[in-house]
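Reader: Hello! I am just starting out with protein structures, and I would love a close look at a single part of this one. Could you take me through it slowly?

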Amino acid sequence: MIPLIGLAAGIVMGLVLSPTVPLWLEPYLPIAVIAAMDAVFGGVRAALEAAFNDKVFVVSVLSNVLVAALIVLLGNQLGVGSQLSTGVVVVLGLRIFSNVAAIRRHLMGA
C-alpha cells in the first residue's frame with residue numbers, strides 16, 4: 001500500500017509542480033529512468049519468487065542508475081554518446097523484457 005501511495009503522491013507532485021530538467025541532465029534522464037525500471041521489474045520478480053530483499057533492491061536501483069549514467073558520460077566524453085546510450089538501452093531493455101516474461105510466467109503459468 002505504501003508504494004502505491006508514494007506513486008500517487010509523486011504523480012500529483014509532478015503534475016502540480018511541473019519540474020524542469022536542467023539541460024546538462026537531459027542525456028542522462030532517459031537512461032536513468034530505464035535503469036530504474038529495470039530494477040523495479042527485477043524487484044517485482046524477486047518478490048513473486050519470495051526472494052525480495054529491500055537492501056538489495058535499493059543497492060540495485062542506485063548502482064544501475066549510477067553505472068548507466070557513467071557509461072553515457074564516458075560516451076559523451078569520447079564523442080560516441082549516442083552509440084553507448086543505445087547500447088545501454090538495449091541491454092537494460094532485454095533485462096526488462098526478461099523480467100516481465102518471468103513475472104508473466106509466474107502470474108499466469110505461461
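**A close look at the salt bridge of D38 and R95**

Reader: Which helices do D38 and R95 lie in, and how does their pairing fit with the rest of the chain?

Author: Happy to help! Please keep in mind that this is a predicted model. Let's begin with the whole chain and then move in. The chain has 4 helices and 0 strands, so if you follow the elements from the N terminus you read α-α-α-α. The C-alpha trace spans about 45 × 35 × 25 Å along its principal axes, and 20% of the 110 residues count as buried.

Now to your pair. Side chains of opposite charge can pair when their charged atoms come close. Here the side chains of D38 and R95 meet in a salt bridge, with 2.8 Å from N to O. D38 belongs to helix α2 and R95 to helix α4, so this contact ties together parts that are 57 residues apart in sequence. The two partners have their own surroundings: D38 is buried, because its relative accessible area is 1%, under the 20% cut-off. R95, with a relative accessible area of 41%, is partly exposed.

A search of the whole structure finds 2 salt bridges, so let's visit the other pair too. E49 forms a salt bridge with R45, and their closest N and O atoms are 3.3 Å apart. E49 is partly exposed at 46% relative accessible area, and R45 is also partly exposed, with a value of 26%.

Next, the helices around your pair. Two packed helices are described by the angle between their axes and the distance between the axes. Take α2 and α3: their axes come within 8 Å and cross at roughly 150°. That makes α2 roughly antiparallel to α3, because angles over 145 degrees fall in that class. The crossing of α2 past α3 is right-handed. For a point to look at on α2, try A32, which is found in that helix. A32 is partly exposed, with a relative accessible area of 22%. The C-alpha atoms of A32 and V67 are separated by 9.3 Å, although the two residues are 35 residues apart along the chain.

Then follow the chain to the helix that holds R95. The axes of α3 and helix α4, which covers residues 81-108, come within 7 Å and cross at roughly 155°. α3 and α4 are therefore roughly antiparallel to each other, and their crossing is right-handed.

The loops deserve a glance as well. Most residues other than glycine have a negative phi, and most peptide bonds are trans. A50 has a positive phi of about 55° although it is not a glycine. You will find A50 in the loop between α2 and α3, where it is exposed with a relative accessible area of 73%. S18 is another residue that is not a glycine but has a positive phi, of about 45°. S18 sits in the loop between α1 and α2 and counts as partly exposed at 49% relative accessibility.

Finally, turn to the start of the chain. A nonpolar surface patch of about 1100 Å² is made by a group of residues including M1, L4, I5 and V16. V16 lies in helix α1, residues 2-17, and is exposed, with a relative accessible area of 63%.

To come back to your question, the salt bridge of D38 and R95 links helix α2 with helix α4.

Definitions and conventions:
Residues are numbered from 1 along each chain as its sequence is written. This is a predicted model: local features need pLDDT of at least 70, side-chain atom pairs count only at pLDDT 80 or more; totals for chains, interfaces and linings use all residues. Side-chain values use heavy atoms; hydrogens and water are left out. Patches are made of residues with over 30% relative accessible area and no salt bridge: like charges are joined within 9 Å, nonpolar side chains (Val, Leu, Ile, Met, Phe, Trp, Tyr) within 5 Å. Accessible areas come from the Shrake-Rupley method with a 1.4 Å probe; for residues, only the protein chains shown count as cover. A salt bridge is a side-chain nitrogen of Lys or Arg within 4 Å of a carboxyl oxygen of Asp or Glu. Helices (H or I, at least four residues) and strands (E, at least two) are DSSP runs, numbered from the N terminus. Buried means under 20% relative accessible area, exposed over 50%, partly exposed in between (1.4 Å probe, protein chains only). Axes are lines fitted to C-alpha atoms, for helices over the stretch in contact, and angles run from 0 to 180 degrees between N-to-C directions. Angles under 35 degrees count as roughly parallel, over 145 as roughly antiparallel, 65 to 115 as roughly perpendicular and the rest as oblique. A crossing is left-handed if the near helix is turned anticlockwise from the far one by less than a right angle, and right-handed if clockwise.
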